[in-house]
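Got the model open on your screen? Let's go through it one question at a time.

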Amino acid sequence: MRPARKWWTICTISILLIFYKTKEIARTEEHQETQLIGDGELSSSRRMVNTSDKIIGQRGHAFFQHSVEGWKVNSSLVIEIRKDILRFLDAERDVSVVKSSFKPGDVIHYVLDRRRTLNISHNLHSLLPEVSPMKNRRFKTCAVVGNSGILINSGCGKEIDNHDFVIRCNLAPLAEFSEDVGLRSDFITMNPSVIQRAFGGFKNETDRERFVQRLTLLNDSVLWIPAFMVKGGEKHVECVNELILKNKLKVRTAYPSLRLIHAVRGYWLTNKINIKRPSTGLLMYTLATRFCDEIHLYGFWPFPKDSQGRPVKYHYYDELKYRYFSNASPHRMPLEFKTLKMLHNKGALKLTTTKCTQP
């Protein structure tokens, strides 16, 4: 065999081996995501999700819908889940690091990017709480509000606000959508990326004023900022801290512990829910089990269409396009949804994805 032909043959074989190995890995990952848990209701994942239009058209009513009529909380299951989660984390402690955890100038490694480090600034240290903002707090009913467009025209605002404690995600706007999403915020998350997406990266005074006005509406709420996750948002976090201090805003800041993400992921992995990184919504539900006897979820819907085939916006408040099905995303939103749906059916939580009935 000539050298050139021999080299070509070796290259071809190598490429084929890589191709089949990649397919084998993909099949393995897909198999892991389609494992059944519990009563077998939690099935499917990326392959099914990528063809969600077809599923909704063929049997969406049966697969995606669930009834909220006659729903009753299963208190014994709620207690069992709380105890199980406490084996991995104590949300009262892990919801935020406290002032005694660090001192100004300390260098810490980012949770999801261990090669990168962050210096604890004086501003950041001054805003760390003295004790956990959730210390000794307990509520009969809590609402965890996601940001899906499924909330549009839901009329759920009053029902949400009537809960004893309301948790919201990513500093979503409320005033112009209050009829559907409510106005009350007792605990609200804010990823650093929100500053770039919703407030122009604080490039001008108008954007900074809009942000300050938004935080002013929170009053004594807890603002939860995941500042230690990945490098890239530290400038935004510092700007936020500076604005809070400069304007003497009453908001109470909280910064999740360095172990929270891994602890939450560990809990779900033991329940055969293979999630690379829990979404903010799933994190909030997991934390809420520590403080709430009854948890109600709103705005959780990771599909571009509802069960009747009607379009659903990614967020109720903007035109951001769907990313639920991107292989680059660290989240497994449809898998999380099916998990929550299963827990709803068992009475561990109430998952509302339809219109709310007015009392």
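Q: Which loop is Lys-248 found in?
A: This is a predicted model in which local features need pLDDT (the predictor's confidence in each residue, from 0 to 100) of at least 70, side-chain atom pairs count only at pLDDT 80 or more, and totals for chains, interfaces and linings use all residues. Residues are numbered from 1 along each chain as its sequence is written, and side-chain values use heavy atoms, with hydrogens and water left out. Helices (H or I, at least four residues) and strands (E, at least two) are DSSP runs, numbered from the N terminus. With those labels, Lys-248 sits in the loop between helix H11 (234–246) and S7.

Q: What is phi of Lys-248 near?
A: Most residues other than glycine have a negative phi. Lys-248 isn't a glycine, yet its phi is positive. The value is near 50 degrees.

Q: Is Lys-248 buried or exposed?
A: The rule is simple: buried means under 20% relative accessible area, exposed over 50%, and partly exposed in between (1.4 Å probe, protein chains only). Lys-248 has 73% relative accessibility, so this residue counts as exposed.

Q: Which residue follows H12 and has a positive phi?
A: Look in the loop between H12 and H13. The residue there has phi near 65 degrees, although it is not a glycine. At 56% relative accessibility it counts as exposed. It's Lys-272.

Q: Are H12 and H13 roughly parallel or roughly perpendicular?
A: Axes are lines fitted to C-alpha atoms, for helices over the stretch in contact, and angles run from 0 to 180 degrees between N-to-C directions. The axes of helix H12 (residues 260–270) and H13 come within 11 Å and cross at roughly 80 degrees. Angles under 35 degrees count as roughly parallel, over 145 as roughly antiparallel, 65 to 115 as roughly perpendicular and the rest as oblique. H12 and H13 are therefore roughly perpendicular.

Q: Which residues of H13 do Leu-260, Ile-261, Val-264 and Trp-268 in H12 meet?
A: The buried residues of H12 include Leu-260, Ile-261, Val-264 and Trp-268. What covers the buried residues of H12 includes helix H4 (75–86), S6, H13 and H14. Contact means heavy atoms within 4.5 Å. On the H13 side, the partners are Leu-282, Leu-283, Tyr-285, Thr-286 and Leu-287.

Q: What is the strand order in the open sheet of 7 strands?
A: Two strands pair if DSSP finds at least two bridges between them. In this sheet the pairing is parallel. Strand S7 (252–254) and strand S9 (350–352) are the edge strands, each pairing on one side only. Reading across, the order is S7-S6-S5-S4-S3-S8-S9.

Q: What is the bridge partner of Leu-223 in S7?
A: Strand S6 (residues 222–224) pairs with S7 in the parallel sense over 3 bridges. In S7, the partner of Leu-223 is Thr-253.

Q: Why is the pair of Trp-301 and Phe-337 edge-to-face?
A: Rings of Phe, Tyr and Trp (its six-membered ring) pair if their centres lie within 6.5 Å; planes under 30 degrees apart count as stacked, over 60 as edge-to-face and the rest as tilted. The structure holds 14 aromatic pairs. In this one the ring centres are 5.4 Å apart, and the pair is edge-to-face because the planes are at 80 degrees.

Q: How many residues apart in sequence are the parts that Trp-301 and Phe-337 tie together?
A: Both residues are buried. Trp-301 lies in the loop between strand S8 (292–298) and helix H14 (333–345), while Phe-337 is in H14. The pair therefore ties together parts whose separation in sequence is 36 residues.

Q: What is the relative accessible area of Ser-148?
A: Ser-148 lies in the loop between strand S3 (139–145) and helix H7 (157–161). Not counting residues up to four places away in sequence, Ser-148 touches several residues, including Phe-300, Trp-301 and Tyr-314. Ser-148 is buried, and its relative accessible area is 2%.

Q: How far apart are the C-alpha atoms of Phe-291 and Met-134?
A: Phe-291 lies in the loop between helix H13 (280–288) and S8, and is buried, with a relative accessible area of 4%. Among its contacts beyond neighbours within four places in sequence are Met-134, Arg-137 and Phe-139. Met-134 is 157 residues away along the chain, and the C-alpha separation is 8.1 Å.

Q: Over which residues is the pLDDT below 50?
A: The mean pLDDT of the chain is 83, and 79% of its residues reach 70 or more. Where pLDDT is low, the predicted coordinates should not be read in detail. The stretch with pLDDT below 50 is residues 6–62.
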